[in-house]
Amino acid sequence: MAYVILIIVIAVLALVAAGWLLLLRPRLGGRRPTPPAPPPRADEPSAGTASTGTAVADRAEAPEAPPADLAPPAPAVEVERPPPSAGRLAALRGRLAQSQSGLGSVLLGLLSRSSLDEQTWEEIEDALITADVGVTPARQITDELRTQVKVLGSRSPEEVRTLLRTELLAQVDPDLDRSLHTAPHAGHPAVLLVVGVNGTGKTTACGKLARALVGDGRTVLLAAADTFRAAAADQLQTWGDRVGARVIRSEREGADPASVAFEAVRVGIDEHVDTVIVDTAGRLHTKTGLMDELGKVKRVIEKSTTVDEVLLVLDATTGQNGLRQARVFAEVVDITGIVLTKLDGTAKGGIVIAVQRELGVPVKLVGLGEGPDDLAPFEPVTFVDAIIGGQP
């Protein structure tokens, strides 16, 4: 009996031991092998190349970095649709007439007198000089009017008006070529270099000109080559953002303006832009070093392409001082046209005649107000009709 019990105990212990062995086997044998990962699909990168693929994608999508000294393009803003430039001066004729008709009224009143003695002719000449026509042109106009009056004899108001209109129109010279060369040529953009002294509205003129060209269907790039005033570059950037024109500017104040202008032309060529407008720093015409720098800007641009227009911005209210400025600028950079700003705020429209005679180049654009579309192509007939708009 004891023998049987012993056998049963041994059997139970054997069973318990076998159960423990079965429970401990996974721990003693180590972890189960991980099943192999399924192969990646054709449109997914494998684990070994994921970071490389992302880096390539990033490189492919990242825009080309701008040169170290140039600021990156400004973020996109809502772009306006400017009106075309055609007919702007005619639309602004009333505003021009309000500021210029004083001269016309005086001249018509004097010429309509029943008797034109020497004193009256001196008053006519003085009125012209006061309007900034200039001494020599004023004397020539007076002499021509005197001759015509002698030929006519008696004069009706309408004959006086026609006489004065004909003479003023001859002095403004409607036959001068006032077209702006803004069309691309030979795969290069037209380049307009805008120069002038401080305070004439030069940067504003650049922005308004860009706006007018965009309104005419041109693509425009602006170069902020006035690197001495951060405010000038910011102002130009604002104008460019409003019409969708890219602005090339330097990140560093006081950078070489010639390098900014050169880079702008290069970008304009690469991106097939129609017109590049280069805004230069305002400079006193008496500062030789600054004037020499302006010549350098033009020479550097001409290493890549031609400069199609050099536009001198003059303030119409400065009168004869503006002529002195014009002479010096013309000696440095060969002016091709005049932008006459603030013409709406002065009765001295004779500066148009004076500056054209002084430089032998035409007034091509006039500024007639503070609005963004108040820069207009100069039209001699509209201008003269505005001057003599007053009744005698």
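This is a tour of a predicted model, element by element, with a selection to make at each stop.

**Whole chain**

Start with the whole protein chain, which has 14 helices and eight strands. Of its 392 residues, 44% count as buried. Among the contacts in the chain with a separation of 6 or more, 79% come from residues 24 or more positions apart.

**The sheet**

Select the strands next. The eight of them form an open sheet with mixed pairing, in the order β3-β2-β4-β1-β5-β6-β7-β8. At the edges are β3 (246–248) and β8 (375–377), each of which pairs on one side only. On average, neighbouring strands of this sheet are turned by 25 degrees against each other, direction ignored.

Two helices that pack on this sheet are worth displaying with it. Select residues 202–215 for helix α8, which touches β1 (190–195), β2, β4 (275–280), β5 (309–315), β6 (337–341), β7 (363–367) and β8. The direction of α8 makes about 170 degrees with that of β4. Then add residues 257–270, helix α10, which packs on the sheet with contacts to β1, β2, β3 and β4. The direction of α10 makes about 165 degrees with that of β2.

**Strand β4**

Hide the helices and select residues 275–280, strand β4. How many of the six residues of β4 are buried? Six of the six are, so β4 is largely enclosed by the rest of the structure. Show the side chains and look at the two faces in turn. On one side are Thr275, Ile277 and Asp279, and on the other Val276, Val278 and Thr280; all are buried, and both faces of the strand are covered. In general, side chains in a regular strand alternate between the two faces of the sheet.

Now bring in the partners of β4. Strand β1 runs parallel to β4, and five bridges join them. To find the register, select Leu192, which stands opposite Ile277 in β4. With β2, the pairing of β4 is also parallel and extends over six bridges. Two positions to label here are Leu221, opposite Val276 in β4, and Ala224, opposite Asp279 in β4.

**Strand β2 and the edge at β3**

Move to residues 220–225, strand β2. Six of the six residues of β2 are buried, so this strand too is largely enclosed by the rest of the structure. Val220, Leu222 and Ala224 lie on one side, Leu221, Ala223 and Ala225 on the other, and all are buried, which leaves both faces of β2 covered.

From β2, step to the edge strand β3. These strands run parallel and are joined by three bridges. Which residue of β3 is the bridge partner of Leu222? The partner is Val247. Label Ala223 as well, which stands opposite Ile248 in β3.

**Helices α12 and α13**

Leave the sheet and select residues 320–333 and 351–359, helices α12 and α13. The two pack at an angle of about 30 degrees, with their axes 10 Å apart. That angle makes α12 roughly parallel to α13, the cut-off for this being under 35 degrees. The crossing is right-handed.

Show side chains for the contact: Leu323, Ala326, Arg327 and Ala330 on α12, and Ile351, Ala354, Val355, Glu358 and Leu359 on α13. By class, the residues of this contact comprise seven nonpolar, no polar and two charged.

Continue along the chain from α12 to Asp334, in the loop between α12 and β6. Asp334 is not a glycine, yet has a positive phi of about 55 degrees.

**Two further stops**

Select Ala186, in the loop between α7 (157–172) and β1. Its phi is near 50 degrees, a positive value in a residue other than glycine. Is Ala186 buried or exposed? Ala186 is exposed, with a relative accessible area of 78%.

Finish at Gly109, in helix α4 (residues 93–111). Gly109 is partly exposed, and its relative accessible area is 30%. Add Pro157 to the selection and draw a distance between the C-alpha atoms: Gly109 and Pro157 are 48 residues apart in sequence and 9.3 Å apart in space.

Methods:
Residues numbered from 1 in each chain as written. Predicted model: local features only at pLDDT ≥ 70, side-chain atom pairs only at ≥ 80, totals over all residues. Heavy atoms only, no water. Axes fitted to C-alpha atoms, helices over the stretch in contact; angles between N-to-C directions. Helix = DSSP H or I, 4+ residues; strand = E, 2+ residues; numbered from the N terminus. Parallel < 35°, antiparallel > 145°, perpendicular 65-115°, else oblique. Left-handed = near helix turned anticlockwise from the far one by under 90°. Contact = heavy atoms within 4.5 Å. Nonpolar A, V, L, I, M, F, W, Y, C, P; charged D, E, K, R; others polar. Pairing = 2+ DSSP bridges. Buried < 20%, exposed > 50% of the residue type's maximum accessible area, 1.4 Å probe, protein only.
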